[in-house]
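Here is a quick walk through one chain, taking in a cysteine link, some sheets and a handful of tucked-away residues. Keep the viewer open while you read.

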Amino acid sequence: MRGTRRTRLCLAGVLAASTLIATPAARAAERTDGHLTDLVNPFIGSQNEGNTFPGAAVPFGMVQLSPDTGHSTGYDYTQHTVRGFSLVHLSGVGCRIGGDLPVLPTTGEVTQTDYAKYAAGFSHADEEASPGYYRVGLDSGIRAELTASRRTGVQRFTFPATDKANVLLNARQSLHKPVGSTVEILDDHTVRTAITGHGFCRDTGPYTVYTITRFSRPFTAYGTWNSATVTPGARTGGGGAYVRFDATRDRTVEATTALSYVDARGAAVNLRAEGGRSFDAVRDRAREAWERRLATVRVEGGDPILRRTFYSSLYRSFLAPNIGSDADGRYTGWDRRVHRAERFTYYQNWSLWDTYRTQAQLLALLAPREARDMALSVVKVDEDGGWLPKWGYGPVETNTMSGDPVTPFLTTAYQMGLLKGFEERAYRALRKNADGVPPTGYPGIGREANAEYIAHGFAPYDKSHPLAKMGDSDYHHGASVTLEYALADAVLAQMARGLGHTHDAARYAARAQNYRTVFDPSTGFFRARDAAGAFTGSADPARGIGFHEGTAWQYQWLVPQDLPGMIGLIGGERAANDRLDSFFAYDRLLADPGRTAREVWVHGDAYNYYNADKYNPMNEPDLIAPYTYLATGQPWKTTDVVHAALTLFTDGPAGMTGNDDLGTMSAWNVLSSIGLFPIQPGYDTWGLSTPVFDRVDLTLDRRFWPGGRLTVTAPGTSASDRYVQAVRADGTPHTRTYLTTDALRSTRSLAFTVGPRPSEWGTSPQAAPPVLK
């Protein structure tokens, strides 16, 4: 085996390498001095179902003010009309939600109430965006500009000279499904709305968004509409309102809209707290907020495209979750009652099936104060409503996706030291979630297949199982759900042991081995089992059933808690490496990494999840898979695969791989570019691979990271010199392929020595990541 490894080391080193990393000749002006916000392109991911938005927001803000062009989630770069600039968007989600209160400036008489009919044309040549700011010139001759604070959106419209300059506020139409709306003209400066809707991938319980909009000068006329009937001079309506200004001399109008998920008073409180500033002042503050946030990471090396994709990904990683509490601390809980956040900010919007793999760890590293409050907010969801969330939007559960993603999300917070003083509260919620199922009257499904999983060791696949509640059903994805439950049990066992709950720890650790119950020895792959326990569906692992948005090939590697055990099931280290090489098309990858990533791995659009035996970098199930080589004695292949995958991130509108899913894919890019990746999500293990920058300086919060700084260096890293020769932590040789969080917390410098050929670094059995027992 060792001889085979050495032969492969030599062979791999002479083959072609990725062009992702800049050559030495490309390193002019390589420092990121100056405005880091200038390196961010908010249009990245706005095409080919990346589903990002280019509009204005501040880090984790309640408001994401952005244009809606007709795409189900808001903005599509290929479309060329704007239906309105609306307050709420989620970056990279795959289902329609938000888009509340589209606002559009027009001129002339107001006769249309359907925003698809009064939509304004525009050209990308007259459009720009940067963190906290968006501008577009409409074909009507109006210039629209957007900016935002934490709980307000500010718009500035510059009209051609006219005495009929209108602003339309459409309360009835949005991205979600409307239930009802009201609009009120309060005075000659102010409009108030209440908008109730539901939706996402399937119907959810309704939620209400309250807004109040204050204009910078009095309007000269106004009216409201219900359905298609516009009534000039009416102060109330159910569909929307228009307000009119005389722009013959003063052609500019500014409008500040405050948002609340609590009530009209909450919107007014937020307007008083954050309104009253000019557009330029709000824009400058937003830019400063983003500059401070991005400055937590400074890189040297890499060409301009690499730096732009990196900082754009870092930007998107900080867009969510979002503030849910008003300026007075009130928020709407999952019991539909009003609560008050004491000594923390309440957050909402939980794409947990996605974010537990990458973004949760990145925020714990770079934004630990906010990440702490986010974890406490999830605990409050349980304490207010009775159960932990699965995929939450605002104050409602959507039950989107499957498994038990909230457990690794919260155990990540525990392992990163974010739950100090709240450990037992969080553990009680997790224990209830792990051992039970929410009652019939509760909207969430939790671990829906838990009874069978606990009794028999697997979640059965039953496609005919009725949808008892809105959303997805764990019974429809029994094979992958078993793997997800087992991973959650493994990391919960570690938390239980750390808190002294030894009996629970042993129980969950035993359940973590349940991944073995869905392994079919006859195929050598995981496979769904029916309610009677028989393996079911096609024996072809690329075409099997019971896997959520993936195949048995892609879920093969979702056993980070016990890779040696999984490797043993499929025949040992050599068999595992052969299967990994086939999965990544490794020989083709070495010859042409970028083309292999685009033409072999990516085999359709962002929603083409099935019938594949190759890595899918466009979706979450196998995001950790490139790091499996760290456990099979061939860590250099992790670098090859990761760097090939990074070529999929570019600086154009189509430069996102799959849906961004509230920063999940962006965080993957950031962490993989730095060379630190959470290979056991929910635990404290960080895998190491070659960074793509010569130097990365991380500024860390000393309250959570006592050293306050981590510097990662890889001088000379390039397309030809990309293999780890050695690693030193604070000057001491580090031979393992990973670091623990405790080790990372005490490390000030992590120095990679790189070269043109793979080395023996990290190839010993002792170098592999640990098993969670």
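There is 1 disulfide in the structure, a disulfide being a pair of cysteine sulfur atoms within 2.5 Å. The cysteines are C95 and C201, with 1.6 Å from S to S. The link of C95 and C201 is right-handed, with 75° about the S-S bond. It ties together distant parts of the chain, 106 residues apart: C95 belongs to the loop between β3 (84-86) and β4 (103-107), and C201 to the loop between β11 (190-198) and β12. Bear in mind that this is a predicted model, in which local features need pLDDT of at least 70, side-chain atom pairs count only at pLDDT 80 or more, and totals for chains, interfaces and linings use all residues. Residues are numbered from 1 along each chain as its sequence is written, and side-chain values use heavy atoms, with hydrogens and water left out.

Helix and strand names follow DSSP runs numbered from the N terminus (H or I of at least four residues for helices, E of at least two for strands). Burial goes by relative accessible area: under 20% is buried, over 50% is exposed, and anything in between is partly exposed (1.4 Å probe, protein chains only). Here is how some residues come out.

| Residue | Relative accessible area | Class |
|---|---|---|
| C95 | 15% | buried |
| C201 | 35% | partly exposed |
| A429 | 2% | buried |
| E484 | 2% | buried |
| S718 | 2% | buried |

**Strands and sheets**

In general, strands of a sheet pair through backbone hydrogen bonds, either parallel or antiparallel. The pairing used here asks that DSSP find at least two bridges between two strands.

How enclosed is strand β17 (residues 252-260)? Largely, by the rest of the structure, because 8 of its 9 residues are buried. Strand β8 (residues 152-158) pairs with β17 in the antiparallel sense over 7 bridges, and V154 has T256 of β17 as its bridge partner. Strand β12 (residues 207-215) is antiparallel to β17 as well, over 6 bridges; there, T213 is matched with T257 of β17.

Next comes an open sheet of 3 strands, ordered β23-β24-β25 and paired antiparallel. β23 (350-351) and β25 (396-397) are its edges; each has a single partner strand, so one side of each has no neighbour in the sheet. Between strand β24 (residues 391-393) and β25 there are 2 bridges, in the antiparallel sense, and Y393 has V396 of β25 as its bridge partner.

Another open sheet is built from 6 strands in the order β18-β30-β31-β35-β32-β33, with mixed pairing. Its edge strands, β18 (297-300) and β33 (732-733), each pair on one side only. β32 and β33 run antiparallel to one another over 2 bridges, with R728 opposite P733 in β33.

**Residues tucked inside**

S718 is found in the loop between β31 (709-713) and β32 (723-729). Its side chain makes a polar contact of 3.2 Å with the side chain of S720. For a polar contact, a pair of N or O atoms must lie within 3.5 Å; within protein, one must be able to donate a hydrogen and the other to accept it, and residues adjacent in sequence count only if both atoms are side-chain atoms. S718 and W686 are 32 residues apart along the chain, and their C-alpha atoms are 23 Å apart.

Which side chain does E484, in helix α11 (residues 478-498), join in a polar contact? That of Y356, at 3.0 Å. Contacts in the wider sense mean heavy atoms within 4.5 Å. Not counting residues up to four places away in sequence, E484 touches W353, Y356, R357, G403, D404, Y555 and L558.

A429 sits in helix α9 (residues 423-435). With the same sequence neighbours left out, up to four places away, A429 touches D382 and L388. N669 is 240 residues from A429 in sequence and 32 Å from it in space, C-alpha to C-alpha.

Last up is D76, in the loop between β1 (66-68) and β2 (81-82). D76 is buried but has no salt bridge, and the nearest side chain of opposite charge, R83, is 11 Å away. Lys and Arg count as positive and Asp and Glu as negative, while His and the chain ends are not counted; a salt bridge needs a side-chain nitrogen of Lys or Arg within 4 Å of a carboxyl oxygen of Asp or Glu. Beyond its neighbours within four places in sequence, D76 is in contact with S46, Q47, T69 and H71.
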